[in-house]
Amino acid sequence: MELKQSHSVRLNDGHLMPTLGFGTYAPDHTPKSKAGEATKVAIDVGFRDIDAAFFYQNEEEVGKAIREKIADGTVKREDIFYTTKLWTTFFRPELVRPALERSLKKLQLDYVDLFIIHNPLAMKSGEELLPRDASGNIIFDTVDLHDTWEALEKCKDAGLTKSIGVSNFNRKLLELILNKPGLKYKPTCNQVECHPYLNQSKLLEFCKSKNIVLVAYSAMASHRDPNCPYLLEEPTLKSIAKKHSRSPGQVALRYQLQRGVVVLAKSFSEKRIKENFQVFDFELTPEDMQAIDGLNRNFRYAKLQFSGWPEIPWGW
């Protein structure tokens with residue numbers, strides 16, 4: 001089953017990206033083996049877009065799962081669209097390619113399909129994922145994003161990644177890259193938190209105007225703080241779900257697909273993984289879409305709690 005046009009979007013560099021992806025992030029208390037097991041289930045169910053990152057620290061397990069599914073004939077390598085992310089301690093241009101090569105070694109793959117900047121704030125280079133000073137504050141670094149982006153462009157030219165993009169960039173930061181003198185490749189995508197409580201409508205409109213695909217993470221707010229509003233208990237979503245004989249989660253995913261957003265679904269439950277893939281055989285009405293649009297409250301579930309973190313440039 002090769003990537004089909006109907007369930008894929010064509011990126012601005014010509015490559016196809018599936019519109020529904022499987023997220024592999026897991027909290028620290030989750031055994032890393034779970035990510036591998038869930039990835040195999042996801043591929044069996046039909047997911048072909050696997051979203052991962054160096055920061056998740058489980059690429060060995062995810063890569064092994066992908067290779068096993070290739071070996072047993074379920075998929076070919078070209079059927080899989082694999083995304084990894086450049087962590088913030090590797091922003092110095094001389095560290096970018098070695099960081100990607102490290103991921104490829106863990107994965108035991110020759111290339112990734114998409115390599116994106118994980119977020120726009122550089123941290124001190126080194127092996128610590130979250131470098132801190134004696135007071136416990138994160139140690140930041142000053143790196144020109146133009147230089148980092150050029151290093152990503154070189155990774156694409158070297159064939160280590162087919163496409164390049166960004167994550168957690170606002171309009172101002174996207175323009176910083178788009179207006180870079182001598183820009184060789186535009187970002188193909190911008191992966192951001194996006195769900196009915198944070199629908200990113202302005203950023204989505206801007207990205208569409210620049211032929212940049214918006215990719216939604218936390219689409220079902222699965223990593224919410226217990227004190228935060230529970231998206232999947234939202235009465236409007238539950239009512240629409242009941243009307244279509246679907247779950248609120250399926251409605252939240254379908255909402256993004258109909259907006260032209262690539263959406264990531266994260267679950268390590270076999271039942272939920274199967275359910276999350278069943279979003280292509282029903283359609284929300286214009287009234288449904290309008291009602292869900294009306295839920296927006298610019299509420300973020302992804303909150304960075306690092307002390308000493310600069311002002312977050314994540315607004316639209």
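# A tour from α2 to α8

Start by selecting Glu59, Glu60, Gly63 and Arg67 in α2, together with Ser103, Lys106 and Leu107 in α3: these are the residues through which α2 and α3 meet. Sorted by class, the residues of this contact are four charged, two polar and one nonpolar. The model in the viewer is a predicted one.

Now show both helices in full, residues 59-71 for α2 and residues 93-107 for α3. Their axes lie 7 Å apart and make an angle of about 50°. Angles between 35 and 65 degrees fall outside the parallel and perpendicular classes, and α2 and α3 are therefore oblique to each other.

**Next stop: a cavity lined in part by α3**

Keep Ser103 selected and add Phe54, Thr84, Lys85, Leu86, Phe90, Ala99, Leu100 and Phe115; these residues line the second largest cavity. How much space lies in the second largest cavity? The answer is about 40 Å³. Two elements, β5 (81-86) and α3, each supply at least two residues of its lining. The lining has six nonpolar residues, two polar and one charged. Over the whole structure, a search finds two cavities of 30 Å³ or more. Rolling a probe the size of a water molecule over the atoms shows where empty space is left.

**Next stop: His146 and Leu174**

Select His146, which sits in helix α4 (residues 145-157). Is His146 buried or exposed? Its relative accessibility is 17%, and buried means under 20%, so His146 counts as buried. Leaving aside residues up to four places away in sequence, His146 touches Leu176, Lys180 and Pro181.

Move on to Leu174, in helix α5 (residues 171-178). Leu174 is buried, because its relative accessible area is 0%. To see what is around Leu174, display Val166, Phe169, Asn190, Leu203, Phe206, Cys207 and Ile212; Leu174 touches each of these, again not counting residues up to four places away in sequence. For a distance across the model, pick the C-alpha atoms of Leu174 and Val75: they are separated by 34 Å, and the two residues are 99 residues apart along the chain.

**Next stop: helix α8**

Select α8 (248-258). Ten of its eleven residues are buried, so α8 is largely enclosed by the rest of the structure. The buried residues are Pro248, Gly249, Gln250, Val251, Ala252, Leu253, Arg254, Tyr255, Gln256 and Leu257. What covers them? Colour β9 (213-217), α7 (235-244), β10 (262-265), α9 and α10 (286-293), which are among the elements that cover the buried residues of α8. After α8 comes Gly260, whose phi is positive, near 85°.

**Last stop: a pocket beside α8 and α9**

Keep Gly249 selected and add Met220, Tyr230, Leu232 and Arg272: of the 16 residues that line the second largest pocket, these five lie nearest its centre. The volume of the second largest pocket is about 300 Å³. Two elements give two or more residues to its lining, α8 and α9 (270-277). Which element gives the largest share of the lining? It is α9, with four residues. By class, the lining of the second largest pocket divides into six charged, five polar and five nonpolar residues.

Conventions: Residues numbered from 1 in each chain as written. Predicted model: local features only at pLDDT ≥ 70, side-chain atom pairs only at ≥ 80, totals over all residues. Heavy atoms only, no water. Axes fitted to C-alpha atoms, helices over the stretch in contact; angles between N-to-C directions. Parallel < 35°, antiparallel > 145°, perpendicular 65-115°, else oblique. Contact = heavy atoms within 4.5 Å. Nonpolar A, V, L, I, M, F, W, Y, C, P; charged D, E, K, R; others polar. 1 Å grid on protein atoms, 1.4 Å probe; cavity = no way out; pocket = protein on both sides within 12 Å on 5 of 7 lines; lining within 4 Å. Points joined across faces, edges and corners; volume = space filled by probe spheres on them. Buried < 20%, exposed > 50% of the residue type's maximum accessible area, 1.4 Å probe, protein only.
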